[in-house]
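Work through these exercises with the model open beside you. Try each task before reading its solution.

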Amino acid sequence: MAYNTWFLLTLLAFVLSQAIASDPSPLQDFCVADNTSQVIVNGVVCKNPNDVKPEDFFFSGLDKVGNTSGKLGSSVNLVNVQKLAGLNTLGISIARLDFAPYGGLNPPHIHPRATEVLTVLEGTLYVGFVTSNPNKLFSKVLNKGDVYVFPQGLLHFQFNIGPVPAVAIAGLSSQNPGVITVANAVFGSNPSISDDVLAKAFMLDKKTVDWLQAQFSN
């Protein structure tokens with residue numbers, strides 16, 4: 001009986017530890033990333049503290065307007081640990097998002113490792129996220145100064161519905177949040193997902209699936 005109780009408590013502790021886990025917590029003042037290291041770890045290897053400089057904690061460029069002339073009319077400048085080495089182990093990153101007037105779109109996507117909090121600096125955005133089954137949409141129109149949060153791992157989007165360019169800043173709860181853009185992942189994966197699978201999943205004919213794959217092919 002005592003063994004069973006010990007086993008159950010150990011299992012519960014493990015499950016709870018995984019449930020609250022996120023980016024590794026720092027065990028020292030800082031662990032500036034050595035992005036040149038070939039050592040593979042969960043995160044990035046620390047630079048020798050004696051070699052750390054103030055520039056390791058600095059990034060310049062979020063004042064620059066992103067190029068929104070592409071098909072989607074949007075631009076994302078993500079400052080993660082690859083661009084700002086001092087973020088390593090701190091569990092945070094930041095991004096600037098620019099949207100063209102009337103239709104600039106950051107398409108439906110997922111951050112597998114981060115919650116996102118978005119602040120609108122200029123313009124008007126229609127934003128939303130979709131929950132896991134039964135797939136309820138939570139959406140809102142945001143104006144300058146408004147803030148919206150997108151929970152980790154949930155599908156979400158931002159869309160400029162205004163007549164002027166829109167700008168937003170996003171904070172993300174990971175040094176490397178990752179992004180899976182749904183349309184690109186489904187129709188543009190390499191190698192391609194079988195058109196039999198996609199035709200059945202989306203209730204489309206194979207000709208339409210082939211056309212969609214051609215639009216998103218690399």
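**Exercise 1. The disulfide**

Which residue forms a disulfide with Cys31, and how far apart are their sulfur atoms?

Solution. Keep in mind that this is a predicted model.

Step 1. Find the partner. Cys31 bonds to Cys46, and their sulfur atoms lie 1.7 Å apart. The cut-off for a disulfide is within 2.5 Å, so the pair qualifies. The structure holds one disulfide.

Step 2. Place both ends. Cys31 sits in the loop between helix H1 (2-19) and strand E1 (74-79). Cys46 is in the loop between H1 and E1 as well, and 15 residues separate the two cysteines. The link joins distant parts of the chain.

Step 3. Read the handedness. The angle about the S-S bond is -95 degrees, and the link of Cys31 and Cys46 is left-handed.

**Exercise 2. Burial of the two cysteines**

Classify Cys31 and Cys46 as buried, partly exposed or exposed.

Solution.

Step 1. Take Cys31. Its relative accessible area is 3%. Buried means under 20%, so Cys31 is buried.

Step 2. Take Cys46. Its relative accessibility is 36%. That value falls between 20% and 50%, so Cys46 counts as partly exposed.

**Exercise 3. An aromatic pair**

Describe the geometry of the rings of Phe129 and Tyr148, then place the pair in the chain.

Solution.

Step 1. Start with the whole structure. A search finds seven aromatic pairs. One of them is Phe129 with Tyr148.

Step 2. Give the geometry. The ring centres are 6.3 Å apart, and the planes make an angle of 50 degrees. Tilted pairs fall between the 30 and 60 degree cut-offs, so this pair is tilted.

Step 3. Locate the residues. Phe129 belongs to strand E5 (residues 125-130), and Tyr148 to strand E7 (residues 147-150). The pair therefore ties together parts that are 19 residues apart in sequence.

Step 4. Check burial. Phe129 is buried at 9% relative accessible area. Tyr148 is buried too, at 16%.

Step 5. Widen the view. Phe129 and Tyr148 belong to one aromatic cluster with Phe138 and Phe150.

**Exercise 4. The partners of strand E3**

How many bridges join strand E3 to E8, and how many join E3 to E10?

Solution.

Step 1. Take E8. Strand E3 (residues 105-110) pairs with strand E8 (residues 155-160) over three bridges, in the antiparallel sense. Asn106 has Gln158 as its bridge partner in E8.

Step 2. Take E10. Two bridges join E3 to strand E10 (residues 180-181), and these strands run antiparallel. Here His109 stands opposite Thr181.

Methods: Residues numbered from 1 in each chain as written. Predicted model: local features only at pLDDT ≥ 70, side-chain atom pairs only at ≥ 80, totals over all residues. Heavy atoms only, no water. Helix = DSSP H or I, 4+ residues; strand = E, 2+ residues; numbered from the N terminus. Buried < 20%, exposed > 50% of the residue type's maximum accessible area, 1.4 Å probe, protein only. Phe/Tyr/Trp six-rings, centres within 6.5 Å; stacked < 30°, edge-to-face > 60°. Pairing = 2+ DSSP bridges.
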